[in-house]
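Biologist: Please take one helix of this model, describe it closely, and then follow the contacts outward to the strands and the wider arrangement around it.

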Amino acid sequence: MLLSNAMCAQRDWACKNQRRFAHAYNMFAFLKVPQQHAKGSAFAPSCNGVTVCSHYDLIIIGSGPAAQKCAVDSAKLGRRVAVVDKLGMIGGVCVHTGTIPSKTFREAVLHLTGFRHQGFYGRAYQPWRERISVPDLLLRVQKVEKTETDIVVDQMRREGVEVITGTARFAEADEDDAFTDATSEGAVRVMVLKTDASHESEASAYRHLDANMAKMALSAENVLIACGTRPLRPAHIPFDGVRVFDSDQLLWGGVRDVPRELMVVGAGVIGMEYASMMNIIPGTNVTVIDPRDKMLGFADTEVVQALMYSMRTKGARFLLNEKVERVEKTDAGGSGGRGRVVAHLSSGKKVVGDAMLYAMGRQGNTDSLSLGSVGLETDNRGLLEVNDFYQTSNPRVYACGDVIGYPALASTSMEQGRRAALHMWHGQHAAALAMALDDGAAGAAPADHSMIRSPMDGGFLGRSSEHLFPYGIYTIPEISMIGKPEAQLTEEGVPYEIGVADFTELAKGQMLGGADGFLKLIFHRETLQLLGVHAIGEGATEIIHIGQVVMAMGGTVDYFRNAVFNYPTLAEAYNVAAHDAFRKISL
Ligand SMILES: Cc1cc2nc3c(=O)[nH]c(=O)nc-3n(C[C@H](O)[C@H](O)[C@H](O)COP(=O)(O)OP(=O)(O)OC[C@H]3O[C@@H](n4cnc5c(N)ncnc54)[C@H](O)[C@@H]3O)c2cc1C
Ligand SMILES: NC(=O)c1ccc[n+]([C@@H]2O[C@H](COP(=O)([O-])OP(=O)(O)OC[C@H]3O[C@@H](n4cnc5c(N)ncnc54)[C@H](O)[C@@H]3O)[C@@H](O)[C@H]2O)c1
């Protein structure tokens, strides 16, 4: 957009002063001046209400877990940071359509069905007397979503991070005149299409910005792309958000009642979590369809079999090796006369239901970022490639979170954001910082990246150290794992032995109503080191962390055999499983 000379002069003044103030701010960052006041008028003046030129140390596209950690850690180091996300999306997919709402949905299902108590009072026990509807479930989800949004906004604001609601993309070459000479050499240029706030705390978070501003021209020393992913929506699936929907649409209120015959297409984590939740709602039958011959391929086979068995006993049907070729909607029939949804499979089968949840993977939100402007390309799912330090092929542009693909978890995204910040602001000196955290004394700067170590995992501070993260799958019953599954160890020719503890044999398991579940520990037969932990059942995602710590410390079966655990607990399963493994190893 062309600006008049007067506007440019005004903007130049704004940029220069803003940068001067920014440096002053950085120098006194330890004073923690609330930036809302410090930066209010001085840092972001508008140029006739059209464009603002603001310079930052870091601009982050997206406000999910990776963005939050990177923003807060960078701000703590005195950097000037702006986080941009779309209206109503501050907190990211994690808060609005992913982790938090889906796990809250699960808690609501468990509560309203009385599922956790049915072991004692029978399968007919249900505290919620009416048929459970989606709005009943969403009541809880919306409450948690609002609180979590407030927490995220408050945390970033307290650290002085500027939160901007709008849609960001890299500036195109013909937009150069929106930026001034004051923009530093080589800075990355970002355009933001601003949107107005509706959420109260979002409004106050960026109240210092001109309300009339429609487009902002921002520049930064570094940019972090943390724009996440969205559900894949192939053209041949007739999504309407009511009868045929994805995991986002399920939360948007279009689906009024829990379907009686639900088809879930895609036996990935999202598909299986929602399928198992819906499966315990009385009056609902679930059919899972997936083109692969094994679901949750990364998980331990016995654990997956136990999940399928548990779901089958509650009525679920699995159609694996089956591809949905066409989906047809009829207006007549179905529950309440609302019509049917028919899935035509490539095998010639027809599956009829009253609704379909389509969960066949996700794709990166990179298509509208004008990535070419910064010399970047994505793969066919819109995902970006990064090096061990989360830098893309453009060293000033980092990427973290779901947009870089596997493992695509909230937990790992946070850690990636933290590590990216460390590399951004300390680079090769990060090791010195990490060592200082470890032993309280700053060491010499290491010679190269391979020396950079994390105080947390003792491994390289790059993507390569991510193997030691736990995976929690919130199906009903829940699953958790860390380390390698049996099949992989067998393939790699590693000699191992397993020990298993059945939850029904634990006092705590009985107190919880004889809930299904087990813990499997895998030990190296010769070194006795713990190689993997796989659990299914109540509390699996919590107790996994005991195994995580022992694995990180290189612990062996002896730790679990000799340790005293609280009694009665599910954690006691470690002791039982270790004795089982040791007995087999000693044979
Ligand atoms: C249904 C579901 C359940 C899940 N459950 C779990 C779980 O139990 N545990 C777990 O660890 N993980 C879970 N995940 C994964 C987890 O939510 C993600 O790994 C995590 O949210 C990714 O974080 P992120 O930092 O990549 O950003 P995201 O949370 O993906 O957020 C990205 C943000 O970027 C914004 N954005 C995109 N483009 C632009 C743009 N051009 N301008 C401005 N903003 C933009 C989006 O609006 C969005 O708010 C789940 C995901 C889903 C979908
Ligand atoms: N509890 C958790 O941690 C949790 C919960 C939900 C989602 N997530 C994250 O969200 C991500 C997305 O979950 P999801 O269930 O949509 O995806 P997914 O990658 O597990 O895929 C779901 C299904 O889509 C199909 N599919 C996926 N990628 C494909 C491809 N490239 N080509 C053909 N078919 C493909 C497969 O049949 C698969 O079973 C997961 O990778 C996971 O990291 C995590």
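Modeller: What follows starts at the helix, moves to the strands, and ends with the domains and a ligand. This is a predicted model, in which local features need pLDDT of at least 70 and side-chain atom pairs count only at pLDDT 80 or more, while totals for chains, interfaces and linings use all residues. Residues are numbered from 1 along each chain as its sequence is written, and chains are lettered from A and ligands numbered from 1 in the order in which they are written.

Helix α3 (residues 65-76) has 12 residues and spans 17 Å between its first and last C-alpha, close to the 16 Å expected at 1.5 Å a residue (the expected span is 1.5 Å times one less than the number of residues). Helices (H or I, at least four residues) and strands (E, at least two) are DSSP runs numbered from the N terminus. Of the 12 residues of α3, 11 are buried, that is, 20 or more other C-beta atoms, placed from the backbone, lie within 10 Å of their own, whereas 12 or fewer would make a residue exposed and a count in between partly exposed. Among the buried ones are P65, K69, C70 and D73. Their cover includes α7 (134-158), α11 (410-426) and β5 (215-225), where contact requires C-beta atoms, placed from the backbone, within 7 Å. After α3 comes G78, with a positive phi near 85°.

Strand β5, one of the elements covering α3, leads on to β4, because six bridges join β4 to β5 in an antiparallel arrangement (two strands pair if DSSP finds at least two bridges between them). L193 has K215 of β5 as its bridge partner. Strand β3 (residues 162-170) is also antiparallel to β4, through five bridges, and R169 is partnered there by M191. Six of the seven residues of β4 (residues 188-194) are buried, so this strand is largely enclosed by the rest of the structure.

On the wider scale, the protein is divided into domain 1 (57-92 + 163-230 + 364-420), domain 2 (233-331 + 339-360) and domain 3 (477-586), with bounds from an automatic or database domain assignment. The C-alpha centres of domain 1 and domain 3 are 41 Å apart. Domain 1 and domain 2 each give at least three residues to the shell around ligand 2, and the 20 residues there (C-beta atom, placed from the backbone, within 6 Å) include G266, G268, I270, G361 and A408 as the nearest.

Note on methods: Contact = placed C-beta atoms within 7 Å.
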